Amino acid sequence: MAGVERGRPRDPGNDAAILDAALDLLIERGAGGTSIEGVAQRAGVAKLTVYRRWRTREDLLMAALEHARDPDLQGPPVAGRSLEELIGHVAALLSRSRFRALMARVIGASVDHPKLVTAYTERHLRPRLDALAEVARRAVDDGRLPPGTDPGVLEDVLASSIGFVLLRGEEEVTAAEVERRLRALLGHLGYEPPRQAPPA
């Protein structure tokens, strides 16, 4: 029957090992330095095992980005968060060297491997950008951001600051430092944080 794989069923354990290996090599060497052969060796499987699942390196790396299970690349759900919580969430992610390395590798692959950027954006960035736009609208409604604030401009400003963090490469970055920078930018945009309740 057409479309049905012959032979033994696929081993989910092999799938996970291959995708984890591909993500590790992408972070370590970049898209250009990652090969099917290298992934197979890192995963401990035959090269043919990889090719049976993904025909090209780009297909494999896109799947690895979709699969990414590493806690250092993830964060708690962003839906329904306040702007304060979202800033803290972004700062925590950017303090993780593995997360910064992955972002830098994906951005660096944008010319030769544009599909990787699309896959990464849809899997990792788009939910956070959508959440940011929503909390920005709520902040305007609550009077914490000036009327007429454009969520798109807010995204651009924060993205520029994030880009600065990525350019620092291997330099140590703390969540507190990133959060302080992001809050300062919000202040320049007219954001008024919630007032702290006085101690009882």
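Leaving aside its neighbours within four places in sequence, with which residues is L61 in contact?

## Environment of L61

In this predicted model, L61 lies in helix α4, which spans residues 57-67. Beyond its neighbours within four places in sequence, L61 is in contact with A22, L26, A31, T34 and L116. For one of these partners, L26, the separation along the chain is 35 residues, while the C-alpha atoms of L61 and L26 are 7.6 Å apart.

Is L61 buried or exposed? The relative accessible area of L61 is 1%, and because burial requires a value under 20%, L61 is classed as buried.

## Overall architecture

The protein chain contains 9 helices and 0 strands. Its elements, read along the sequence, give the pattern α-α-α-α-α-α-α-α-α.

Of the 200 residues in the protein chain, 38% count as buried. When contacts between residues at least 6 apart in sequence are considered, 69% of them join residues at least 24 apart.

## Packing of α6 and α8

Two packed helices are described by the angle between their axes and the distance between the axes. Helix α6 covers residues 97-108, and helix α8 covers residues 151-166. The axes of α6 and α8 come within 10 Å and cross at roughly 105 degrees. Angles of 65 to 115 degrees count as roughly perpendicular, and α6 and α8 are therefore placed in that category.

Which residues of α6 meet α8? On the α6 side they are R100, M103 and I107, and their counterparts in α8 are I162, V165 and L166. By class, this contact comprises 5 nonpolar residues, no polar residues and 1 charged residue.

## Annotated region

According to the UniProt record, an unreviewed entry, residues 35-54 carry the annotation "DNA-binding region". In the model, this stretch is 75% helix and 0% strand. The C-alpha atoms at its two ends are 12 Å apart.

## Model confidence

The mean pLDDT of the protein chain is 82, with 84% of its residues reaching 70 or more. Confidence is highest in helix α2 (residues 36-43), at a mean of 96, and lowest in helix α8, at 81.

Over residues 1-7, the pLDDT falls below 50. Beyond near neighbours in sequence, this stretch has 3 contacts in the model. Where pLDDT is low, the predicted coordinates should not be read in detail.

Terms used:
Residues are numbered from 1 along each chain as its sequence is written. This is a predicted model: local features need pLDDT of at least 70, side-chain atom pairs count only at pLDDT 80 or more; totals for chains, interfaces and linings use all residues. Side-chain values use heavy atoms; hydrogens and water are left out. pLDDT is the predictor's confidence in each residue, from 0 to 100. Helices (H or I, at least four residues) and strands (E, at least two) are DSSP runs, numbered from the N terminus. Contact means heavy atoms within 4.5 Å. UniProt positions are given in the numbering used here, feature names are shortened, and annotations may be inferred rather than shown by experiment. Axes are lines fitted to C-alpha atoms, for helices over the stretch in contact, and angles run from 0 to 180 degrees between N-to-C directions. Angles under 35 degrees count as roughly parallel, over 145 as roughly antiparallel, 65 to 115 as roughly perpendicular and the rest as oblique. Ala, Val, Leu, Ile, Met, Phe, Trp, Tyr, Cys and Pro count as nonpolar, Asp, Glu, Lys and Arg as charged, and the others, Gly among them, as polar. Buried means under 20% relative accessible area, exposed over 50%, partly exposed in between (1.4 Å probe, protein chains only).
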